[in-house]
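The following note records points on the structure for a colleague's consideration. The points are numbered so that each may be checked in turn.

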Amino acid sequence: RPSSDGRWLFVQNATPASSVTVVDLKARKFAFEVATPGCWIIIPSQTVGNRFSTLCGDGTLQTITLNDNGSFKSRSRSERFFQPDEDPVFVQSDHVGDRHFFISFKGQVHAADLSAEQPRLETPWSLVTGADARKAWRPSGYQLMAIHRKTHRMFVAMHMGGKEGSHKDPAKEIWVFDLTQAKRVARLPGHNAIALTVSQTDTPKLFAIDGVKMGLAVFDASARPRFLHRMEQIAESATMMELN
C-alpha cells in the first residue's frame with residue numbers, strides 16, 4: 001500500500017514472521033523493515049504520510065510511526081476492540097478520512113480514528129437487528145464492503161443463514177447503510193457478490209463481482225440505489241477489485 005503522500009510503499013511480508021518493508025519511492029530504494037509480530041494487513045494513515053496501522057490477532061490495532069528517513073520511530077497499541085475467538089473482524093476495511101471501519105463476522109461495525117499515534121475507538125453497532133437477526137443474516141465475501149465518502153453511504157454484502165465458516169459465502173443481498181445514523185437505508189439484490197467497490201464521483205456507481213458466474217453487476221449508488229446492468233464472464237477467478 002502507498003502512503004497518503006506518495007513517499008513510501010508499505011509491503012506486507014510473511015517469512016512466516018510478519019513484518020512490513022518500507023520502500024522509499026522518491027529515492028527508489030529499500031528504507032527499513034518493521035517487525036509486526038502477530039499483526040497483519042497494512043492500513044496507511046490518510047493524514048500522516050509516515051504512519052500506518054495493522055490489525056492484530058489479540059483484537060487490537062497497532063500503529064507504527066516512522067522517522068523522516070523511513071526507519072522505525074514508535075509504535076502504539078489500541079485497547080482490544082473485538083474478541084478474535086468469538087467474533088473476529090474481516091481484514092478488509094474502508095474509511096472516511098482517517099475514520100476507518102471494520103466489520104465482524106457476526107455483523108458488528110467497529111470504527112477507529114487513526115489520525116493520531118494512539119488509535120481512538122468508537123462504540124460498535126450492529127448491521128443486523130430484529131427479524132433479520134433471527135434469520136441469521138451475516139456479512140460475507142472477500143471484499144465485502146465499500147464506502148462512498150461524500151455521502152457516508154456504506155455498502156455491505158450479506159447472506160442469510162450465517163454460521164461458522166460462511167464468512168466467504170456469496171451475497172444474497174447488498175445492504176446500504178447511512179454511517180451518520182448507523183442505520184440501513186436500502187436493500188439491493190446480491191448477485192452472488194463476493195467483492196464490492198464504489199466510485200467516489202458525485203453520481204457514484206457500485207460494482208459487484210458475482211462469485212458464482214464471474215459476472216460484474218453495476219448499480220446506481222446515489223440517493224436511491226438501484227440495479228443497472230451486468231457484464232458476464234469478466235474473469236476466470238476474481239475476488240478483488242480496484243477503481244482507478
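1. C39 and C56 are both buried. In this predicted model, a disulfide joins the two residues, with an S to S distance of 2.0 Å. The count of disulfides by the rule applied comes to one. What is the handedness of the disulfide between C39 and C56? The torsion about its S-S bond is about 95°, so the disulfide is right-handed. C39 belongs to strand β4 (residues 39–44) and C56 to strand β5 (residues 51–56), so the bond ties together parts that lie 17 residues apart in sequence.

2. The largest nonpolar core has 19 residues, and F101, I103, L127 and M154 touch the most other members. Two or more residues of this core are given by each of β9 (99–103), β10 (108–113), β14 (145–148), β15 (153–159) and β16 (173–178). Strand β15 supplies the largest share, three residues. A second core, separate from this one, has 16 residues, including A146, A171, I174 and A186.

3. The surroundings of M154 may be listed individually. Residues up to four places away in sequence being left out, M154 touches I103, V109, W125, L127, M145, A146, I147, W175, V176, F177 and L179. Two of these contacts, I103 and L127, are named together with M154 among the residues that touch the most other members of the largest core. Another contact of M154 is A146, which is a member of the second core.

4. H159 also lies in strand β15. Is H159 buried or exposed? The relative accessibility of H159 is 4%, below the 20% limit for a buried residue, so H159 counts as buried. Its side chain makes a polar contact of 3.0 Å with the side chain of S140, and a polar contact of 2.8 Å with the side chain of S166. With neighbours within four places in sequence set aside, the residues in contact with H159 are A136, W137, R138, P139, S140, S166, D169, P170 and K172.

5. Strands β1, β2 and β3 form an open sheet of three strands, in the order β1-β2-β3 and with antiparallel pairing. Strands β1 and β3 are the edge strands, and each of them pairs on one side only. On average, neighbouring strands in this sheet are turned by 25° against each other, direction ignored. Strands β2 and β3 run antiparallel and are joined by six bridges. Opposite E33 in β3 stands T21.

6. Two loops of this region deserve separate mention. The loop between β1 (8–14) and β2 (18–24) holds P16, and the peptide bond from T15 to P16 is cis, with omega near 5°. R28 is found in the loop between β2 and β3 (29–35). Although R28 is not a glycine, its phi is positive, about 60°. The relative accessible area of R28 is 74%, so this residue is exposed. As general background, most residues other than glycine have a negative phi, and most peptide bonds are trans.

7. A further sheet is open and has four strands, in the order β18-β19-β20-β21, with antiparallel pairing. Why do β18 and β21 each have one side without a neighbour in the sheet? Strands β18 (193–198) and β21 (226–231) stand at the edges and have a single partner strand each, so one side of each is left without a neighbour in the sheet. The average turn between neighbouring strands of this sheet is 25°, direction ignored. Strand β19 (residues 205–210) and strand β20 (residues 216–220) run antiparallel and are joined by five bridges. A208 has A217, in β20, as its bridge partner.

8. The segment after β21 contains Q233. Phi of Q233 is positive, near 50°, in a residue other than glycine. The relative accessibility of Q233 is 59%, so Q233 counts as exposed. R28, for which the phi is about 60°, is likewise exposed.

Conventions: Residues numbered from 1 in each chain as written. Predicted model: local features only at pLDDT ≥ 70, side-chain atom pairs only at ≥ 80, totals over all residues. Heavy atoms only, no water. Pairing = 2+ DSSP bridges. Axes fitted to C-alpha atoms, helices over the stretch in contact; angles between N-to-C directions. Core = buried A, V, L, I, M, F, W, Y, C linked by side-chain atoms within 4.5 Å. Buried < 20%, exposed > 50% of the residue type's maximum accessible area, 1.4 Å probe, protein only. Contact = heavy atoms within 4.5 Å. Disulfide = S-S within 2.5 Å. Polar contact = N/O pair within 3.5 Å; in protein donor to acceptor, adjacent residues only side chain to side chain.
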